[in-house]
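Grab your viewer and work through the exercises below, one at a time. Try each task before you read its solution.

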Amino acid sequence: MTPRPKTIIEVPIEQVEQARQVAINNLLAQEVYEKIRRHLTETLARLPEGYAKSFSDLDDHRSHEAILIDGGRGTGKSSVLVNLATYLQHERDFLILKPVDPTLLENGDDLLLNVIVAALMRDKSVKHALQHNEQGAESFYDQLHKLGAALEGIQTQKDKYGLDKLRAFMSDQALAEQVHELFRRVLALVDKKVVVLPIDDVDTSLSLAFENIEVVRKYLTSPFVIPLISGDLNLYNEIIWRQFYQRLTSQARDVEDASRQRARDLAEDYQRKVLPLPKRIELPQLTTYLDDPNIMLTAAGRALFPLPILQHWLDALLNERVNGEGNSRQRFPLKTVREMSQFINATKGLIVGLPAQLGLSPNMLVDVDAFNKIKRSLFMSDEISEAVQVFADSYRKAQVTLADGKRTSRTERERAYSALRRRVQSAKPALREGHREHLQQWYEAIAGYFRYQRRGGAAYLTAETSMSWLSEGDASDDGTVLNHDLFQPLNHNQKIFENFDLAYDARKSWNATLKGFVPDLWLERLPEKTILAYPTPERGYPVSTQKTGPWALSQHVKKEKYLGDAEFVRRLLVHWSFFSPSKRSNLVLGGRVFELLIMSMVRDVSYVEIAQLLDRAPFHSVAALADTKSLTVSDSDAEAGGVRETVEPPLLPDEEYQEDQLDAAIIQLASDINSWRKDLSVQVPPSWLVYNVMNKVFNQTHYIYTAASKGDSDARLLRNMVDLGVQIYNAIWAAFGSFEKGELFGFPRVIANVNMTEAGKEFEKSVLYRQNILPFLHTNRSQQSFDFRTGSYTFALESHPLRELLSDVFSEFDSIEAKAAVKESSSISQGEYEAESSRRLSKYVANYFRGLAATEIRSMDPVELHERIEGVYRMCQRAGIEAAFRRVPNETGIARRMLRVSLEQFEKLTGLPFHGLNAKDDA
């Protein structure tokens, strides 16, 4: 028999979950049905001609022909058995019975008597033959009587003695032959050759599972019957080996450990006999169906689009532009055919509208370009999406230098950018009408469906947050857009999350970092586990209260126009909080920078919202998650340490003017942000992207603070404090780039993952900027960045008003500190500065490389070593050595001599020669 040709499989979206299908083209597991058909025909071919018409000794033809349909719960095993007769409706040699259900058995019932015989009696063709074939019916009932007598003898065997017990034993030996004969007479009655007996989920009834398999082994070895068993092979194995283990150790407890492996070996041999390996058919995973372009979703008989399109639409809803870097891709939590069927039926009203919303069709190609187009439709218009696709093809070709040598990859990239510029200038950037409302409906459906799904925690949190952000004027009572459970790990111990898998050990990981910094009582109240992974909350970087407070600002900021901006930056970065149980201090934290940026992406901002942000503890900081009331500070400690209840020292009379300047700065910033949103058409960000950026940024802030220098002068402290704010902004910016850069925007996924300590203050020269950000800007020294209207946040953050404000304030303090340093050093000689600078640099380099293992150093490429040393050099500059360069002439020569010192120090520490510098560096 030739296999059936591969046809289009139709999945009606309006069909409720049911096993029975009306047509062959509604059956998903086509390959499984084909394998079953092949096994059946092979078994039939081995039977001698005319074998069913005359009885033959069973022992001459006994064989184990059971076919196993292996699959877990919800994979469609029952559906395969129920629809087997439909698929094989043209095969005339098989009597395919309806599936028998062992779970209907009560304790003590017999599978053969109560279920298998009943399956024969309820078959329509058997019923019809019994009514219209008197001679055949008489023969069948006569054999059924003999079978019943044999079964009765077995069931009463324990209560008999002597000859009665011997006769009962003989009945047991003859039972398999009686079963064999019963099947033969049934086949003669209906003019078939083989009985196909589907047995559904033998393993479901755990208490009788082994006994049911024993019935198959003992009595279903006739060539007239082919058992078709469905179940989970792993569960079968667990049940069977435990039965053998129990019997091996029931009378010998002292050999339990030795018997375990023996039981497993016996179970494996037993299964190989009853369920032959060549006849085991594994049901496909759900992904097999979701990737099959031959499966078509239909509505009222009308084809909608291939099933893989739905998979990628759902993937886009959860991940949107997130490129999967650093294990950031969230998989849609559908694992089984049952779950998929239920979800499709639950969202059928939305699925029907997808073709019009996304421009889908039944005959569309299912390829990478189609998937990328679907994802881009969330934040790009069709015209811009097509322009980006052309750009992606051109950019990909430009990665290889042309063989003719006349053009370089750089030239080709420039041409690709130029072509993209021309295309988007005339393109319509507006998304489809009703796009936002459509997304809200989908997120609402996803959140509702996965609310009670054990594996649906991440999808629920993502959908719930995105749905809320898309609502007009979304804001919680405290004004923050981050007051959602996706960003609040401490909420994961609430009753609402009991249904979800809690996979991440938050308490253990946070304890390691926060032990001794916060009260033990608070650590004990942390959720033991959370749905998602979260970085340790920020502890903060302590700065002097007197030298970085409002008074210090008023003394050092000479340009009045920067006074309000400087005070805003101070308030944004600094939190007046407990530094230890015995004292309070100013802590520099990045949480408010992150929150302000995300708020500005979600919606327009107001003066009130920004002012509220400055008044509350920074997002994802210890100060925010563990408020001061949880500190266990005794009265004596409080008096000794000077702990006060005030949030911050009260304003001095001459600082009132400064508050007015602050208000003006906030009002201006709010206005600038709203203009920025309008000019760039900033869309609501996907919550999963923001979650991943949050994780990456707050895992790096510790390194940023570690690399900071306290300095010695007021001006330097202020400058370094603002520098931390600039670095935090840059870390957020680079994180967005690291998750956005990829095929959706036309770029290869070549991403830098170094931390911010290696980027230094010269951020625009760092690999983070050049690889993660610069491709979105397409800029150089002679031209400004160009908006390709792709909806990239990496591009938008380049012109964010907060970035400009931080840059202006940093420049002000940088110039103030530089002037102070020149004045301070007027009486110091150049030689003294060179000696001190060299000493400091040697110390820093020594400390850095002392932390590296010798094997790690030896395995480094010379170029990598060179970059490492230059990174340390830049770190030293940030630590204050660069001030020396500004105080003396010939700073280039000093810098080179200092770098030479670092190389000499490296050779002393490692014993390895260093040849990484080129000729001009050695000059």
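## Exercise 1: the mixed sheet

Strand β7 (residues 295-299) runs antiparallel to β8, with 4 bridges between them. Strands pair here if DSSP finds at least two bridges between them, and both helices (H or I, at least four residues) and strands (E, at least two) are DSSP runs numbered from the N terminus. Before you start, note that this is a predicted model: local features need pLDDT of at least 70, side-chain atom pairs count only at pLDDT 80 or more, and totals for chains, interfaces and linings use all residues. Numbering starts from 1 along each chain as its sequence is written, and side-chain values use heavy atoms, with hydrogens and water left out.

**Task.** Work out in which order the strands of this open sheet come, and which strands stand at its edges.

**Solution.**
- Start from a residue pair: Leu297 sits opposite Phe305 in β8.
- Now lay out the sheet: its 3 strands come in the order β1-β7-β8, with mixed pairing.
- β1 (9-12) and β8 (302-306) each have a single partner strand, so one side of each has no neighbour in the sheet.
- Then check the twist: neighbouring strands are turned by 40° against each other on average, direction ignored. Axes are lines fitted to C-alpha atoms (for helices, over the stretch in contact), and angles run from 0 to 180 degrees between N-to-C directions.
- Finally, add the helix: α12 (residues 307-319) packs on the sheet, touching β7 and β8, and its direction makes about 55° with that of β8. Contact means heavy atoms within 4.5 Å.

## Exercise 2: the parallel sheet

**Task.** Find the strand order of the 5-strand open sheet, then say which residues of β2 are buried on its two faces.

**Solution.**
- The order is β3-β4-β5-β2-β6, and the pairing is parallel.
- β3 (94-96) and β6 (280-282) are the edge strands, each pairing on one side only.
- From one strand to the next, the twist averages 20°.
- On the β3 side, 3 bridges link β3 in parallel to strand β4 (residues 194-199), and Ile96 faces Val196 in β4.
- Move to β2: 4 bridges join β2 to β5 in parallel, with Leu228 in β5 as the bridge partner of Ile67.
- β2 also pairs in parallel with β6 over 3 bridges, where Asp70 is opposite Glu282.
- Now the faces: Ile67 and Ile69 are buried on one side of β2, Leu68 and Asp70 on the other. Buried means under 20% relative accessible area, exposed over 50%, partly exposed in between (1.4 Å probe, protein chains only).
- Helix α9 (residues 233-249) lies across β2 (67-70), β5 (225-231) and β6, at about 95° to β5.

## Exercise 3: one helix, two sides

**Task.** Which residues of helix α5 (residues 124-132) are buried, and which are exposed on the other side?

**Solution.**
- Val126, Ala129 and Leu130 are the buried ones.
- Down the axis of α5 they fall within an arc of 100°, so they line one face of the helix. The arc is taken from the directions from the helix axis to the C-beta atoms.
- On the other side of α5, Lys124, Gln131 and His132 are exposed.

## Exercise 4: a long-range pair

**Task.** How far apart are Glu414 and His778 in sequence and in space?

**Solution.**
- Locate Glu414 in helix α17 (residues 409-425).
- Glu414 is partly exposed, at 37% relative accessible area.
- Glu414 and His778 are 364 residues apart in sequence and 8.9 Å apart in space, C-alpha to C-alpha.
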